[in-house]
Amino acid sequence: MAMADRLLIHIGCGFTAGPSWRNFDASPTLVFERLPLVGRLYTRNQHRFPAAVRYGDIVRRPLCPPATADAVFTSHMLEHVALDDMRRALRHILTMLKPGAPLRLIVPDLESRARAYVAAAERGDGAAAHHFMAGADLGVASEPASRLARLARMLGNAAHKWMYDRATMTTELTAAGFDRIQRCRLGDSADVPELAEIEEAGRYAGPDGPELALEARRPATESEDSSLNPTN
């Protein structure tokens, strides 16, 4: 199959839209800024989503027909939805992938942050808790002062709703029906060279060590796959 014929799905793309990918984002800002008049006013002095970005919510439904995607990539998105919604998203992604095709995901690594917090707390660091909360993007340090800032915060959906370590995410991927789960690094994919269009070094590096980057695959044969009909 020619590279141009491959169906590559980028979920939660933000402003990074790879030319070889179908780029989806579920941010309310994407919908709001494309309203004919008020959207242009809202984004007049702000960075806009690229035109190639489509609205798509993987929690609600698969983003392509079953067993048609050659690869799926999602970075720093799954921690922004509730745990139950994350599980639903994984089942939808599994349905989208061709047998044997990979999902590559990156989420903040809770373990590295927790280890750094405990080490700092044991040293008596008075800012240990602040560093952990900021690094995990949990809690609220200050409320927005203006109405526009409050609107931007609401539309941005930036807060983390759940966090993961390697063991937990591996368990979740296995439960969803994935196999061949392994840790991955920037630029190490042999069968999806198009990842170079959308991977960013900063996504793999957290404040206290590497982020949690995993690759998992839909089982190569139908008999291995028990999740062909995900629960919505």
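Which residues point one way from β5, and which the other way? In this predicted model, where local features need pLDDT of at least 70, side-chain atom pairs count only at pLDDT 80 or more and totals for chains, interfaces and linings use all residues, Pro 102, Arg 104 and Ile 106 point one way from β5, whereas Leu 103, Leu 105 and Val 107 point the other way, and all are buried. Residues are numbered from 1 along each chain as its sequence is written, and side-chain values use heavy atoms, with hydrogens and water left out.

Strand β5 is mostly covered, with 6 of its 6 residues buried; buried denotes under 20% relative accessible area, exposed over 50%, and partly exposed the range in between, with a 1.4 Å probe and protein chains only. Helices (H or I, at least four residues) and strands (E, at least two) are DSSP runs numbered from the N terminus. Strands β4 and β5 run parallel and are joined by 4 bridges, where pairing of two strands requires that DSSP find at least two bridges between them. Within this pairing, Thr 74 stands opposite Leu 105 in β5.

Both strands also contribute to a cavity lining, since β4 (71-75) and β5 (102-107) each supply at least two residues of the lining of the second largest cavity, to which β4 gives the most, with 3 residues. A cavity is a set of points, on a 1 Å grid over the protein atoms alone, where a 1.4 Å probe fits but cannot get out, and its lining residues have an atom within 4 Å of a point; grid points are joined across faces, edges and corners, and a volume is the space filled by probe spheres set on the points. The count comes to 2 cavities of 30 Å³ or more. The second largest holds about 30 Å³ of space, and its lining includes Trp 21, Phe 73, Pro 102, Arg 104 and Glu 215. By class, this lining has 7 nonpolar, 1 polar and 2 charged residues, with Ala, Val, Leu, Ile, Met, Phe, Trp, Tyr, Cys and Pro counted as nonpolar, Asp, Glu, Lys and Arg as charged, and the others, Gly among them, as polar.

The largest cavity encloses about 60 Å³, and among the residues that line it are His 10, Cys 13, Phe 73, Glu 199 and Arg 203. Its lining divides into 3 nonpolar, 4 polar and 3 charged residues.

The structure holds 2 aromatic pairs, a pair being rings of Phe, Tyr and Trp (its six-membered ring) whose centres lie within 6.5 Å, with planes under 30 degrees apart counted as stacked, over 60 as edge-to-face and the rest as tilted. Phe 15 and Phe 49 form a tilted pair, at 4.9 Å centre to centre and 55° between the planes. Phe 15 lies in the loop between β1 (8-11) and β2 (22-25) and Phe 49 in the loop between α2 (38-42) and β3 (53-55), so the pair ties together parts that are 34 residues apart in sequence. Phe 15 is partly exposed, at 41% relative accessible area, whereas Phe 49 is buried, at 11%. Tyr 117 and Phe 132 likewise form a tilted pair, at 5.6 Å centre to centre and 50° between the planes. Because Tyr 117 lies in helix α4 (residues 110-122) and Phe 132 in helix α5 (residues 128-135), this pair ties together parts that are 15 residues apart in sequence.

Pro 50 lies in the loop between α2 and β3 and is partly exposed, at 24% relative accessibility. Not counting residues up to four places away in sequence, Pro 50 touches Gly 14, Phe 15, Ala 17 and Arg 34, contact being heavy atoms within 4.5 Å.

Notes:
On a 1 Å grid over the protein atoms alone, a cavity is a set of points where a 1.4 Å probe fits but cannot get out, and a pocket is an open set with protein on both sides within 12 Å along at least five of seven lines; lining residues have an atom within 4 Å of a point.
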